[in-house]
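User: I am new to this structure. Please take me through the reasoning behind its labels.

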Amino acid sequence: MLQGQEGQMHIGKIVEFFRSTDEEDYFRVQWFYKAEDTIMKEQAASHDTKRVFYSTVMNDNPIDCISSKVNIMKISPKIVLKRQLCQKFDFYFDMEYCVEYSTFRALTSAPSDLETTAATDGGISALPSNISGESVSKSGNCKRELVLLDLFSGCGGMSTGLCMGSKLSDVDLVMRWALDSNKYARESLKLNHPGTQVRGEPAEDFLALLKEWEKLCKKYMDTVPEKTHSRRSMASKAENWNDDRLNEADVAAGEFEVSKIVDICFGHPSSSGNHGLKLKVHWKGYSVNDDTWEPIESLSNCQDSIHDFVRNGRKSKILPLPGDVDVVCGGPPCQGISGYNRFRNFDSPLDDERNQQIGVFMDIVQFLKPNFVLMENVVDILRFDKASLARYALSRLVQMKYQARLGTVAAGCYGLPQFRLRVFLWGAHPCEKLPQFPLPTHDVVVRYWPPPAFERNTVAYDEDQPRPLEKALVLEDAISDLPAVSSNEHRDEMPYDKPPETEFQRFIRSPESEMIGHSKGGARIAKDVLYDHRPYSLSEEDYARVCQIPKKKGANFRDLPGVVVGADNVARRDQKIEQVILPSGKPLVPDFALKFSQGKSRRPYGRLWWDETVPTVVTYPDLHSQAVLHPDQDRVLTIRECARLQGFPDYYRFCGSVKARYRQIGNAVAVPVGRALGYAMGLAALGLGDDGPLMTLPKKFSHSTNLQLSEPEPEPEPELEPVEAVPIDWIS
Ligand code: SAH
């Protein structure tokens with residue numbers, strides 16, 4: 001134990017003593033981090049104070065700051081410590097902490113002090129794991145099969161990418177469950193992934209449902225239905241149900257015969273009613289339209305029906321139980337902190353109800369204990385309230401004994417003409433290899449200045465490293481083959497009118513069977529039919545304005561007649577000429593464009609150009625505040641064009657109104673990013689790759705449908721890095 005400058009105690013291992021040239025006595029120390037000294041900071045307040053983190057960080061200190069000797073035990077993170085054992089040492093460590101990518105990694109080297117005694121010591125129990133040990137698939141095709149739960153799934157951008165990428169690394173990742181409270185997002189997901197059980201309750205109700213389902217399974221799976229009593233289940237309907245079709249089966253007035261139970265939920269599917277477990281009843285003699293949701297308490301006479309439902313439901317895995325899920329992924333919404341949201345709560349984002357979904361996400365992880373976790377979020381979580389949300393998410397994983405690693409990823413680096421920066425957090429059970437982050441394949445310069453604490457989290461090549469990168473993509477690469485459409489296009493389907501012109505277009509137009517090796521038979525697309533290639537229709541006035549925006553690079557409202565731009569870069573009305581008035585009576589140059597960003601912005605009515613990378617596809621292409629006009633057509637980008645910028649294959653279709661479709665696409669994780677991460681996860685699931693935070697994707701990974709990808713390029717020999725002294729001002 002060593003005393004720091006401000007009186008705090010720090011823990012380290014003394015490596016050597018030495019005397020300096022000016023005759024001072026020093027020692028070299030290798031530090032252990034206390035939880036609150038890691039990136040988790042005060043978010044680790046509730047952690048076990050005896051748990052410290054191994055590190056390779058060393059530095060030299062004067063001998064007089066040594067305070068006392070403490071006992072530190074290395075234990076296996078697979079072990080859960082019981083209290084009586086903890087009394088035998090002052091501290092223990094089971095993971096290494098590394099500042100790069102905020103990594104918490106299980107120590108893999110020599111067996112731990114406690115692992116060897118685990119079997120005999122009553123103070124230890126093993127952390128459950130779903131891992132079967134050998135990486136052998138049941139189907140025999142892939143080397144390992146994993147099942148996925150996508151929380152806050154949206155239309156499935158993230159999970160679609162993850163499944164594609166895992167397949168390329170020989171791991172069959174199957175999305176078995178998805179959850180999203182938005183109806184249209186669920187419809188899209190189901191259309192494209194017909195084998196997935198898609199649920200719609202709010203995430204907090206979903207967790208309550210999982211817990212209730214576990215209880216039901218425990219109660220009914222081990223019991224046999226009583227053969228003696230009648231299998232006739234009678235119940236009265238809780239819902240106001242006026243029906244005069246009472247028949248002989250209705251034993252008492254208001255009682256009906258239950259044919260079978262067909263669904264389960266927690267809460268209430270309609271807005272009325274109390275929260276609680278509900279079962280959907282199909283009534284004998286009635287059609288499915290007459291099915292009703294009933295609180296489970298009112299079905300106490302229907303034990304056989306419940307029994308049948310639970311047994312069948314468990315067999316077909318309608319809901320996951322702990323141990324059923326290998327991978328949980330998701331993008332819990334953080335509307336309260338997004339840079340686009342002006343009403344965010346700057347000081348304490350964790351109090352903002354809209355941000356609490358990260359907590360629910362982690363609660364679900366805690367309940368299901370998957371092998372791998374992947375959480376996505378906006379980069380603002382690294383900025384607001386001193387990154388408390390990011391620290392909180394890491395802290396939850398580490399407290400659950402998961403390994404963790406956080407990286408900032410730019411979508412354009414994986415072969416898209418869109419920059420789009422996002423944060424990803426890996427979690428891995430201590431028995432698994434912690435997935436790495438895939439290094440970029442395309443030369444997009446990541447111009448981003450992270451807050452100092454997250455300076456070493458950006459997934460990119462070092463400036464001085466050789467970069468084996470392909471040229472960055474531009475808009476033309478992604479959309480030049482799409483048919484011209486007008487601002488009033490109403491067709492949801494149309495034929496392509498050109499063959500693909502670029503590698504990207506050939507890839508994005510590949511059928512599902514080529515892209516993922518088989519077809520799920522979901523979206524059932526007709527060959528050569530293009531879907532969702534329509535924009536939202538501009539108002540009459542906006543259309544008239546857009547027609548006057550020149551078809552040239554950088555054009556925007558400033559190019560309209562009657563606008564002058566001063567030396568101060570502010571756009572103003574030209575007082576020398578008469579204002580042009582549209583037939584509707586509104587001005588050609590609207591006030592809101594001149595007022596936007598105090599007249600300094602070039603975004604209102606901005607045209608994109610063929611040689612550009614789009615900053616970020618957002619949930620609605622609003623031409624009043626963003627550059628979203630097609631380079632040479634008088635309209636905003638279509639749904640399909642936005643989908644292409646997000647890397648959705650052309651076979652992927654979207655449901656709902658035009659607005660709802662844009663929204664799903666703008667909310668999504670860009671598919672190629674998910675794909676690259678899925679590949680990295682697949683390798684980790686097979687125990688491949690080294691312990692470093694980054695890995696190199698195979699050559700031609702981005703636009704290749706070939707499942708027999710070449711082996712990853714061998715990593716360049718690591719240069720011997722000097723042990724870098726992390727700037728810790730602990731010690732004088
Ligand atoms: N990861 C997705 C996008 C997620 S966007 C993709 O890659 O496509 C966040 C989603 O969370 C939205 O679709 C929204 O409908 C959903 N959502 C928001 N609050 C929710 C809640 N409480 N429970 C379930 N879903 C929620």
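Analyst: We start with the ligand and then turn to one helix. Keep in mind that this is a predicted model.

User: What makes the approach of methionine 158 to the ligand a polar contact?

Analyst: A backbone N or O atom of methionine 158 sits 2.9 Å from a ligand oxygen. The cut-off for a pair of N or O atoms is 3.5 Å, so this pair counts.

User: How do you know that serine 181 and glutamine 357 qualify?

Analyst: Serine 181 has a polar backbone atom 3.2 Å from a nitrogen of the ligand. Glutamine 357 places a polar side-chain atom 3.4 Å from a ligand nitrogen. Both values are within 3.5 Å, so both pairs are polar contacts. The protein buries 87% of the 580 Å² that the ligand exposes when taken alone.

User: Which helices each supply at least two residues of the shell around the ligand?

Analyst: They are α2 (157-168) and α4 (203-221). The shell divides into 8 nonpolar, 9 polar and 2 charged residues.

User: Why are the buried residues of α3 said to line one face?

Analyst: In α3 (residues 183-192), Ala185, Ser188, Leu189 and Asn192 are buried. Viewed down the axis of α3, they fall within an arc of 95°, so they line one face of the helix. These buried residues pack against β11 (171-179), β12 (197-199), α10 (512-516) and α14 (658-667).

User: What makes asparagine 182 a cap of α3?

Analyst: A side-chain oxygen of asparagine 182 lies 3.0 Å from the backbone nitrogen of tyrosine 184. That is within 3.5 Å, so the pair counts as a polar contact. Asparagine 182 caps the N-terminal end of α3.

Conventions: Residues numbered from 1 in each chain as written. Predicted model: local features only at pLDDT ≥ 70, side-chain atom pairs only at ≥ 80, totals over all residues. Heavy atoms only, no water. Polar contact = N/O pair within 3.5 Å; in protein donor to acceptor, adjacent residues only side chain to side chain. Areas by Shrake-Rupley, 256 points an atom, 1.4 Å probe, with all protein chains shown as cover. Helix = DSSP H or I, 4+ residues; strand = E, 2+ residues; numbered from the N terminus. Nonpolar A, V, L, I, M, F, W, Y, C, P; charged D, E, K, R; others polar. Buried < 20%, exposed > 50% of the residue type's maximum accessible area, 1.4 Å probe, protein only. Arc of directions from axis to C-beta. Contact = heavy atoms within 4.5 Å.
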